[in-house]
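The following exercises concern the fold, the salt bridges and the surface of a protein chain. Each task is followed by a solution in steps.

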Amino acid sequence: MKQIPNIFTLLNLFFGCVAIIYIIQPGLVPVFRQVNPDYLGAGINNDGTQYISIPEQAVIGSVLIGAAAVVDFLDGFVARLFKATSEIGKQLDSLADVVSFGVAPGMIMFELLRMSWAQQPGGLDTSMLWLLPSFLVPCAAGYRLARFNTEPSSESGFTGLPSPAAGLLVASLPLVYWSSRVTWVT
């Protein structure tokens, strides 16, 4: 019974890892707005739906980050229900959160920045330095969780923005972008 919350935490980590894989994989996504036919990867399917080839399947990754958030909520709930809290569970939860709500959203930011630069003239020659700010997301999540785990006042509640909330905010960006029919979003 004491390991059941840890199984939920490991499921959180699993969803985060699979989200990263989807984020960096190529795929085709339907678009609901006009895309310049000269844009690399734009095309029309047999049924007349316009598709754009994107260098990742970030939407699926976003959904998996959402699933990790649900499981993250449940692991704490189950731990309190079974009175099975432990120091290893606390550390494991933080490690899983860094992957699911730090690294995976950081990869989303990296891919969105990369795609944004690639659409500009000469964008494929853009320096890697312009993409590095995306790694502030995992660094901030790691620092936030380490601080939470080492401060004695962390038992009473949260201080600052919880990592899952920040990760979900970033993970929502591909969902907004690819499902929006409003031109100012793009």
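**Exercise 1. Characterise the contacts, burial and fold of the chain.**

Solution. The structure is a predicted model.

Step 1. Among the contacts in the chain with a separation of 6 or more, 75% are between residues 24 or more positions apart.

Step 2. The chain has 186 residues, of which 35% are buried. Its exposed area is about 10900 Å², and carbon and sulfur atoms supply 69% of that area.

Step 3. The secondary structure consists of five helices and three strands. Along the sequence these elements follow the pattern α-β-β-β-α-α-α-α.

**Exercise 2. Determine how many salt bridges a search of the whole structure finds, and describe the one that Arg-114 forms.**

Solution.

Step 1. The search yields two salt bridges.

Step 2. The partner of Arg-114 is Glu-111, with the closest N and O atoms 2.4 Å apart. This separation satisfies the criterion, because a salt bridge requires a side-chain nitrogen of Lys or Arg within 4 Å of a carboxyl oxygen of Asp or Glu.

Step 3. Both residues belong to helix H3, which spans residues 87-118. Arg-114 and Glu-111 are three residues apart, about one turn of the helix.

Step 4. Glu-111 is classed as buried because its relative accessibility is 6%. Arg-114, in turn, is classed as partly exposed because its relative accessible area is 28%.

**Exercise 3. Identify the salt-bridge partner of Glu-151, and classify the accessibility of Glu-151 and of its partner.**

Solution.

Step 1. Glu-151 pairs with Arg-147, and the closest N and O atoms are 3.4 Å apart.

Step 2. Buried means under 20% relative accessible area and exposed means over 50%, with partly exposed in between.

Step 3. The relative accessible area of Glu-151 is 28%, so Glu-151 is partly exposed. For Arg-147 the relative accessibility is 31%, so Arg-147 is also partly exposed.

**Exercise 4. State which residues make the nonpolar surface patch of about 720 Å², and locate Phe-82 within the secondary structure.**

Solution.

Step 1. The patch is made by Met-1, Val-70, Phe-73, Leu-74, Phe-77, Leu-81 and Phe-82.

Step 2. Phe-82 is found in helix H2, which covers residues 58-82.

Step 3. With a relative accessibility of 33%, Phe-82 counts as partly exposed. Membership of a patch requires over 30% relative accessible area; Phe-82 therefore meets this cut-off at 33%.

How values were computed
Residues are numbered from 1 along each chain as its sequence is written. This is a predicted model: local features need pLDDT of at least 70, side-chain atom pairs count only at pLDDT 80 or more; totals for chains, interfaces and linings use all residues. Side-chain values use heavy atoms; hydrogens and water are left out. Patches are made of residues with over 30% relative accessible area and no salt bridge: like charges are joined within 9 Å, nonpolar side chains (Val, Leu, Ile, Met, Phe, Trp, Tyr) within 5 Å. Accessible areas come from the Shrake-Rupley method with a 1.4 Å probe; for residues, only the protein chains shown count as cover. Helices (H or I, at least four residues) and strands (E, at least two) are DSSP runs, numbered from the N terminus. Buried means under 20% relative accessible area, exposed over 50%, partly exposed in between (1.4 Å probe, protein chains only). Contact means heavy atoms within 4.5 Å.
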